[in-house]
Amino acid sequence: MQDLRITPALLYLDGVSVAFDGFKAINNLSLTLDPGEMRAIIGPNGAGKTTMMDIITGKTRPDEGRVIFQGAHDLTTLDEADIATLGIGRKFQKPTVFESHTVEDNVLLALKGARGVVANLFHTLSGAERDRLDEILALVKLIERRYELAAHLSHGQKQWLEIGMLLAQDPALLLVDEPVAGMTDAETAETAELLRRINATHSVIVVEHDMAFVRDLGVKVTVLHEGSVLAEGSLDQVSANERVVEVYLGR
Ligand SMILES: Nc1ncnc2c1ncn2[C@@H]1O[C@H](COP(=O)(O)OP(=O)(O)OP(=O)(O)O)[C@@H](O)[C@H]1O
Ligand SMILES: [Mg+2]
């Protein structure tokens with residue numbers, strides 16, 4: 001029997017526009033993310049991918065449109081802290097781990113949140129916290145390096161550590177901007193696998209230029225161009241789209 005209940009989108013961008021000095025970086029953008037979905041966003045430089053993430057996270061306020069989260073909150077009316085509290089975590093392109101702390105302490109600091117660095121590091125862990133710490137370190141493949149300084153990790157491992165720190169806050173939606181830039185091919189492949197595992201329990205939006213990586217993700221792709229959706233579908237579908245080909249070849 002057909003289920004007539006309406007499942008609200010996890011995230012719904014509805015006619016969003018923003019201009020910088022008269023230039024429309026985002027132009028009547030509409031996009032729907034289902035609960036539990038992982039979506040890849042591609043598009044040429046300047047297409048508006050990062051600006052879209054800035055709008056979702058409250059860093060940039062759009063001139064027009066709504067951004068509805070969990071069918072209940074219009075994110076365009078909230079500030080960055082409120083949006084983070086609602087359960088939207090963001091990973092910027094450059095890793096921002098605490099280099100002079102151990103790998104484990106970096107995740108611990110994220111697990112404990114607002115208590116303050118010193119209090120956090122001396123606070124005794126509960127059994128559940130210890131389990132969660134181990135789980136995250138295993139997920140991001142850093143359990144064997146947990147007592148080393150974060151400064152000693154490779155670039156790719158720092159990216160994974162930061163993803164682990166985000167997971168510690170257990171966000172409903174994870175936004176990741178160009179996670180594999182500067183990674184080796186092996187690290188890139190492992191990052192696709194990591195995001196697929198994360199997607200088992202979290203919704204994800206990932207922006208990336210690396211098409212081998214996007215292929216490995218194996219998820220629906222949205223192509224942005226001049227601030228709007230140019231095409232949507234599997235990577236094969238959008239790659240076969242003439243308008244997408246034109247945009248990537250520079251016309
Ligand atoms: N705060 C800002 N002030 C002025 N212009 C901006 C601002 N943020 C973005 N832009 C402009 O908006 C356009 C979209 O930029 P955005 O960074 O979103 O593109 P992108 O798709 O992430 O590109 P890339 O693939 O190079 O990261 C660009 O022309 C950029 O210069
Ligand atoms: Mg960008």
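This report describes the overall build of a predicted model and then some of its local features.

## Overall build

The chain holds ten helices and ten strands. Its radius of gyration is 19 Å, close to the 18 Å that the globule rule gives for 251 residues, so the chain is as compact as a globular protein of that length. The C-alpha trace spans about 55 × 50 × 40 Å along its principal axes.

Buried residues account for 49% of the 251 residues. The accessible surface of the chain is about 12,200 Å². Carbon and sulfur atoms contribute 51% of that surface. Contacts often reach far along the sequence: of those between residues at least 6 apart, 66% join residues at least 24 apart.

## Two domains

The chain is divided into two domains. Domain 1 is made of two segments, 1-86 and 219-251. Domain 2 is a single segment, 95-209. Their centres, taken over C-alpha atoms, are separated by 25 Å. The contact between them takes 23 residues from domain 1 and 16 residues from domain 2.

## Helix α5

Helix α5 covers residues 127-139, which is 13 residues. From first C-alpha to last it reaches 18 Å, close to the 18 Å expected at 1.5 Å a residue.

Which residues of α5 are buried? They are L133, I136 and L137. Seen down the axis of α5, these buried residues fall within an arc of 100 degrees, so they line one face of the helix. The general rule behind such a pattern is simple. An α-helix has 3.6 residues a turn, so residues three or four places apart point the same way. The buried residues of α5 pack against two other helices, α3 (103-112) and α6 (155-168). On the other side of α5, G127, A128 and D131 are exposed.

## Positive phi at K141 and Q70

Most residues other than glycine have a negative phi. Two residues here, K141 and Q70, have positive values.

K141 follows α5 and lies in the loop between α5 and α6. Its phi is near 60 degrees. Is K141 buried, partly exposed or exposed? Its relative accessibility is 37%. Partly exposed covers the range between the 20% limit for buried and the 50% limit for exposed, so K141 counts as partly exposed.

Q70 sits in the loop between strands β4 (64-69) and β5 (73-74). Phi of Q70 is near 55 degrees. Q70 is partly exposed, with a relative accessible area of 37%.

## G233 in strand β10

G233 lies in strand β10, which runs over residues 228-233. Its relative accessibility is 10%. Buried means under 20%, so G233 counts as buried.

What does G233 touch, leaving aside residues up to four places away in sequence? The residues are K220, V221 and V238. A200 offers a further reference point for G233: the two are 33 residues apart in sequence and 20 Å apart in space, C-alpha to C-alpha.

Methods: Residues are numbered from 1 along each chain as its sequence is written. Chains are lettered from A and ligands numbered from 1 in the order in which they are written. This is a predicted model: local features need pLDDT of at least 70, side-chain atom pairs count only at pLDDT 80 or more; totals for chains, interfaces and linings use all residues. Side-chain values use heavy atoms; hydrogens and water are left out. Helices (H or I, at least four residues) and strands (E, at least two) are DSSP runs, numbered from the N terminus. The expected span of a helix is 1.5 Å times one less than its number of residues. Buried means under 20% relative accessible area, exposed over 50%, partly exposed in between (1.4 Å probe, protein chains only). The arc is that of the directions from the helix axis to the C-beta atoms. Contact means heavy atoms within 4.5 Å. The radius of gyration is taken over C-alpha atoms; the globule rule is 2.2 Å times the number of residues to the power 0.38. Accessible areas come from the Shrake-Rupley method with a 1.4 Å probe; for residues, only the protein chains shown count as cover. Domain bounds come from an automatic or database domain assignment.
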